[in-house]
Amino acid sequence: MKKVDVLLGLQWGDEGKGKVVDVLTPHYDLIARFQGGPNAGHTLEFDGKKYVLRSIPSGIFQGGKINAIGNGVVLDPLLFMEEAEGLAKSGINLKERLYISKKAHLIMPTHRLLDAANEARKGDAKIGTTGKGIGPTYTDKVSRNGLRVGDILSDFEAKYAKAKARHIDILSSMGEVADFSELEKAWLDSISYLREFTLIDSEYYINDILKADKSVLAEGAQGSLLDIDFGSYPFVTSSNTVSAGCCIGLGISPRHIGNVYGIFKAYCTRVGAGPFPTELFDEIGETMCDKGREFGSVTGRKRRCGWLDLVALKYTTMLNGVTDLIMMKSDVLDDFEEIKVCVAYEINGEKTEHFPFDTTAEIKPLYKSFKGWQTDMTQCCDEADFSEPFNEYIRFIESYLGVPISIVSVGPDRKQTIVRKK
Ligand code: GDP
Ligand code: IMO
Ligand code: MG
């Protein structure tokens, strides 16, 4: 019986998951998302074209593979319809090969309003969410008030009316009254579109696939430092982004997890508020932002940039049981004479290599310096083309984390991906 390989982000999201899932798709029979929702923005580039996926897995472009949206995902049918129709215009018809779990939860228009209202109430302490209603939808799931995709198959109007009335009560108690009739109409229309897709009991479907000795790649969204349990709480998203979330979000046993691909940038970024010990506020950070085109693919917000944080990365490598590391965007650091990585934190005068409970405390990053490679990484086609300073950089990361770097990405295009020999 085959196992499910998982690919997930080890930092604060936007590591390049979409690109690598697309590259790995030919090796798998099924690609599945297991958590998150349209807060994700996964970018793929090939044949001179660029696509940004939010709810649809990144395995839809290569080889006509089946893709699935698992029960752990929260789905906004309206954003889903817009995304799917956009792809249909590019000739990608999903209805035949995108299956959706009946147990995935629906993001309602009022969830977006609640997301905005919650943020407004937090004032300066706001999280800087993507505004897509993610937190309120997962809140309803856990408090047993949610609507699920399978609910659209029977008596949906009554179920929707009940959930909406509850939300309106909450919004009114917060002093938030808004007219969302237009959005609601479009949203209800998109429910009919959703009915045109194959809705499945994805836990049975995926376990049957494994029994038939077919392979599955699970695509994470966000990153481990945004995990609801282990991330920089409360500045996190509302799902379990770590590999264990894959079991819950697809309905597979931990015994059926195979390789865990942990993906990270050669530096670090974060979008939204919250702690970021290695953040740079100088021109080095600006250069990373410019060269790395670090602007959010969902909200367009400028991403905060900083040096690679190995303390955080070691923590997330441990949490996920990473078997293979994937390093992205090496080319963005090409021009630097000196490159730094954080190897320890100093908190209250004490040195530690542990990611602390209180990430909002004052954390001083302690750095190790490397000579910059100052070569054009985008010209590398094979690991034999790597320069010595670059090899030194990746060797240090591998030895600090105790896991090999199996893939190095040297540009946004599908082809700019170097698989290293073991
Ligand atoms: P995801 O959310 O993890 O899928 O990542 P995003 O798509 O949000 O952000 C990654 C960005 O980096 C996208 O714009 C990619 O096209 C781009 N990208 C991916 N790999 C590389 C790389 O190796 N070099 C450069 N320069 N850009 C890359
Ligand atoms: P991908 O899959 C980067 C961040 C938001 C905010 C926090 C909570 O593209 O890597 P939410 O809307 O989830 O309640 O926002 O999480 N965030 C992301 N940051 N990449 C993402 O997804 C993100 N999804 C959510 O900016 O700080
Ligand atoms: Mg992204």
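Here, contact means heavy atoms within 4.5 Å. The views below all come from a predicted model.

**View 1. Lys-329 and its surroundings.** Lys-329 sits in the loop that links strand S15 (324-328) to strand S16 (338-347). Leaving aside residues up to four places away in sequence, Lys-329 touches Lys-265, Ala-266, Tyr-267, Gly-292, Glu-294 and Ser-409. One of these partners also takes a polar contact: the side chain of Lys-329 gets to the backbone oxygen of Gly-292 at 2.9 Å. Then look across to Glu-15, which is 314 residues away along the chain, yet the two C-alpha atoms are separated by 8.5 Å. Lys-329 shows up again in the next view, where a polar side-chain atom of this lysine lies 2.9 Å from an oxygen atom of ligand 1.

**View 2. The surroundings of ligand 1.** There are 20 residues around ligand 1, and Gly-16, Lys-17, Thr-43, Asp-331 and Ser-409 come nearest. For polar contacts, start with Asp-14, which places a polar side-chain atom 2.9 Å from a ligand 1 oxygen. Glu-15 joins in through its backbone instead, with a polar atom 3.1 Å from an oxygen of ligand 1. Ser-409, one of the nearest residues here, is also among the residues that Lys-329 touches.

**View 3. The surroundings of ligand 2.** Ligand 2 has 21 residues around it, and the nearest are Asp-14, Lys-17, His-42, Thr-130 and Thr-237. Two side chains from that set make polar contacts with ligand oxygens: Thr-130 has a polar atom at 2.6 Å, and Lys-17 has one at 2.7 Å. Gln-222 uses the backbone, with an N or O atom 2.8 Å from an oxygen of ligand 2. Lys-17 is worth finding in both ligand views, as it is listed among the nearest residues for ligand 2 and for ligand 1.

**View 4. Helix H3 against helix H4.** The axes of H3 (residues 109-122) and H4 (residues 134-142) are 7 Å apart and make an angle of about 110°. Angles from 65 to 115 degrees count as roughly perpendicular, so that is the label for H3 and H4. The crossing is right-handed. On the H3 side you'll find His-111, Leu-114, Asp-115 and Asn-118, which meet Ile-134, Pro-136, Thr-137 and Asp-140 of H4. It's a mixed set, with three nonpolar, three polar and two charged residues.

**View 5. Helix H3 against helix H5.** Here H3 meets H5 (residues 156-173), with axes that come within 10 Å and cross at roughly 20°. H3 and H5 are therefore roughly parallel, and H3 passes H5 in a left-handed crossing. H3 contributes Pro-109, Thr-110, His-111, Leu-113, Leu-114, Ala-117 and Arg-121, while H5 brings Tyr-160, His-167, Ile-170, Leu-171 and Ser-173. Sorted by class, that gives seven nonpolar, four polar and one charged residues.

**View 6. Helix H10 against helix H11.** The axes of H10 (residues 310-320) and H11 (residues 388-401) cross at roughly 50° and come within 10 Å. That makes the pair oblique, and H10 passes H11 in a right-handed crossing. Leu-310, Val-311, Leu-313, Lys-314 and Thr-317 of H10 meet Phe-396, Ile-397, Tyr-400 and Leu-401 of H11. Seven of the residues in this contact are nonpolar, with one polar and one charged.

Methods: Residues are numbered from 1 along each chain as its sequence is written. Chains are lettered from A and ligands numbered from 1 in the order in which they are written. This is a predicted model: local features need pLDDT of at least 70, side-chain atom pairs count only at pLDDT 80 or more; totals for chains, interfaces and linings use all residues. Side-chain values use heavy atoms; hydrogens and water are left out. Axes are lines fitted to C-alpha atoms, for helices over the stretch in contact, and angles run from 0 to 180 degrees between N-to-C directions. Helices (H or I, at least four residues) and strands (E, at least two) are DSSP runs, numbered from the N terminus. Angles under 35 degrees count as roughly parallel, over 145 as roughly antiparallel, 65 to 115 as roughly perpendicular and the rest as oblique. A crossing is left-handed if the near helix is turned anticlockwise from the far one by less than a right angle, and right-handed if clockwise. Ala, Val, Leu, Ile, Met, Phe, Trp, Tyr, Cys and Pro count as nonpolar, Asp, Glu, Lys and Arg as charged, and the others, Gly among them, as polar. A residue is near a molecule or strand if one of its heavy atoms lies within 4 Å of it. A polar contact is a pair of N or O atoms within 3.5 Å; within protein, one must be able to donate a hydrogen and the other to accept it, and residues adjacent in sequence count only if both atoms are side-chain atoms.
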